[in-house]
Structure formats: C-alpha cells, structure tokens
Amino acid sequence: MQKNKRDNPFSFAPSAVVGLEVLHDRISAVVLRYKRKQWTVLKTVKKNIPPSLDSSIRARKITEVLNELNVKAKKVVTSLNSSDTIVKIVSLPPLQNPEKELPQLMEYELERQLPIPLSEAAYDYQILQPQQRRDSALHLPDETTVLLAAVRRSRLNDYLTFMESAGIFPTA
C-alpha cells in the first residue's frame, strides 16, 4: 500500500531539517538529522529580539539565525503561535472506514470548537496511533485518536507571506 503525503506530512527523506519558532520576543531554531530511523539534534540557536520590531527587521533576524546555524535548509518546519490557532487531540470511537468518516467528523468537531466560521479556517488532521485494548485477544482499537489543527486562514496567509519575506518556504 502506497502512503500519500496526507498520511504523514512529516515524513521527510533522511536529511537535515530545520525547525523554526518565531515568537514576539525571540527566534529559536534547531537543525535535526534523520538517520537510522532516529532524529538527532545537530545545532540550536536562540536569539532574543525586541517585541516591537517591524516585520522586515524580524525577517532579517530570521535570516541571521539561519546563517548562524550555517545550514542551507531545504526543509523547514515552523509553527504559527497565535490566538487564532487551535491544536487538539480528539478521541473518537473506533472508525470502520476512517477515510470516509473522518472528514465529516472533523468538520463537525471544528464547527463546535472554532470561534470563527469553518469557511474562514484552514485545518488539517492526522490519525495518531490507535489505542489498543490490553485485555482483548483481537487487539481491536479502543478509540481513534486524531490530532486536529486549525487556524484563521487570513492569519495563516499573513504568516506564510512573512516567512516568504525571510526566504523561508515551510515544508510543514
């Protein structure tokens, strides 16, 4: 069975990956390498910045952090820290056909959880390892656990534009 990118958006080919976090008062970055089915931290950098910097100066600071890491990052993973985001782990009953059932269940869950209309949100979800019954000889899943992330679409677009101005094109 061939897995598609939707199954695991964080499945990178073995290589260096940069994790980047941009907060209002600091920028943190880490270089990770995947080798022999294991991630290893190669380098880290953390730079405090004044919260009042405008976006063009903040973008330059990101470039400085990446230069300090001394790596040409082809794969960058970043997070959007905002009050316009939610990340939840949702426990659902066992699903017989996740590909058909999950999209509707996630939309229902988002409509209940989001303070904005679903049409204004960008979201994604991923099934986490199913919980197994310990006492069952059949090892049937006890529940389906899903990681659900959503953000106001306009906020995500602003963030991606900001990252692009720093020369960063996030992979995930």
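Lys47 is partly exposed in this predicted model, with a relative accessible area of 22%. That value lies just outside the buried class, because buried means under 20% relative accessible area. The side chain of Lys47 meets that of Glu68 in a salt bridge, with N and O 3.5 Å apart. This pair ties together distant parts of the chain, as Lys47 sits in strand β3 (residues 38–48) and Glu68 in helix α1, 21 residues apart.

Helix α1 also holds a salt bridge within itself, formed by the side chains of Lys61 and Glu64 at an N to O distance of 3.7 Å. Here the partners are three residues apart in the helix, so about one helical turn separates them. Both ends of the bridge can be placed by accessibility: Lys61 is partly exposed at 24%, and Glu64 is partly exposed at 35%.

A further salt bridge joins Arg26 to Asp25, and the closest N and O atoms of that pair are 3.4 Å apart. Arg26 is partly exposed, with a relative accessible area of 25%, and Asp25 is likewise partly exposed, at 26%. The structure has five salt bridges by the rule applied here.

Turning to the interior, nonpolar side chains in soluble globular proteins tend to be buried together. The largest nonpolar core of this model has 23 residues, and those with the most contacts inside it are Leu20, Val22, Ile27, Ile62, Leu69, Met163 and Ile168. At least two residues of this core come from each of β1 (16–22), β2 (26–35), α1 (55–69) and α3 (153–165). Helix α1 gives the largest share, five residues. The helix that carries Lys61 and Glu64 is thus also a contributor to the core.

Leu20 offers a helpful view of the packing. Leaving aside residues up to four places away in sequence, Leu20 touches Ile27, Ser28, Ala29, Ile62, Val76, Val77, Thr78, Ser79, Met163 and Ile168. Apart from the largest core lies another one, of 15 residues, which includes Val90, Met106, Leu110 and Ala150.

Nonpolar side chains are also found at the surface, where Val87, Ile89 and Leu147 make a patch of about 280 Å². Val87 belongs to strand β5 (residues 85–92). With a relative accessibility of 59%, Val87 counts as exposed, because the exposed class begins over 50%.

Methods: Residues are numbered from 1 along each chain as its sequence is written. This is a predicted model: local features need pLDDT of at least 70, side-chain atom pairs count only at pLDDT 80 or more; totals for chains, interfaces and linings use all residues. Side-chain values use heavy atoms; hydrogens and water are left out. A nonpolar core is a set of buried Ala, Val, Leu, Ile, Met, Phe, Trp, Tyr and Cys residues joined through side-chain atoms within 4.5 Å. Buried means under 20% relative accessible area, exposed over 50%, partly exposed in between (1.4 Å probe, protein chains only). Helices (H or I, at least four residues) and strands (E, at least two) are DSSP runs, numbered from the N terminus. Contact means heavy atoms within 4.5 Å. Patches are made of residues with over 30% relative accessible area and no salt bridge: like charges are joined within 9 Å, nonpolar side chains (Val, Leu, Ile, Met, Phe, Trp, Tyr) within 5 Å. Accessible areas come from the Shrake-Rupley method with a 1.4 Å probe; for residues, only the protein chains shown count as cover. A salt bridge is a side-chain nitrogen of Lys or Arg within 4 Å of a carboxyl oxygen of Asp or Glu.
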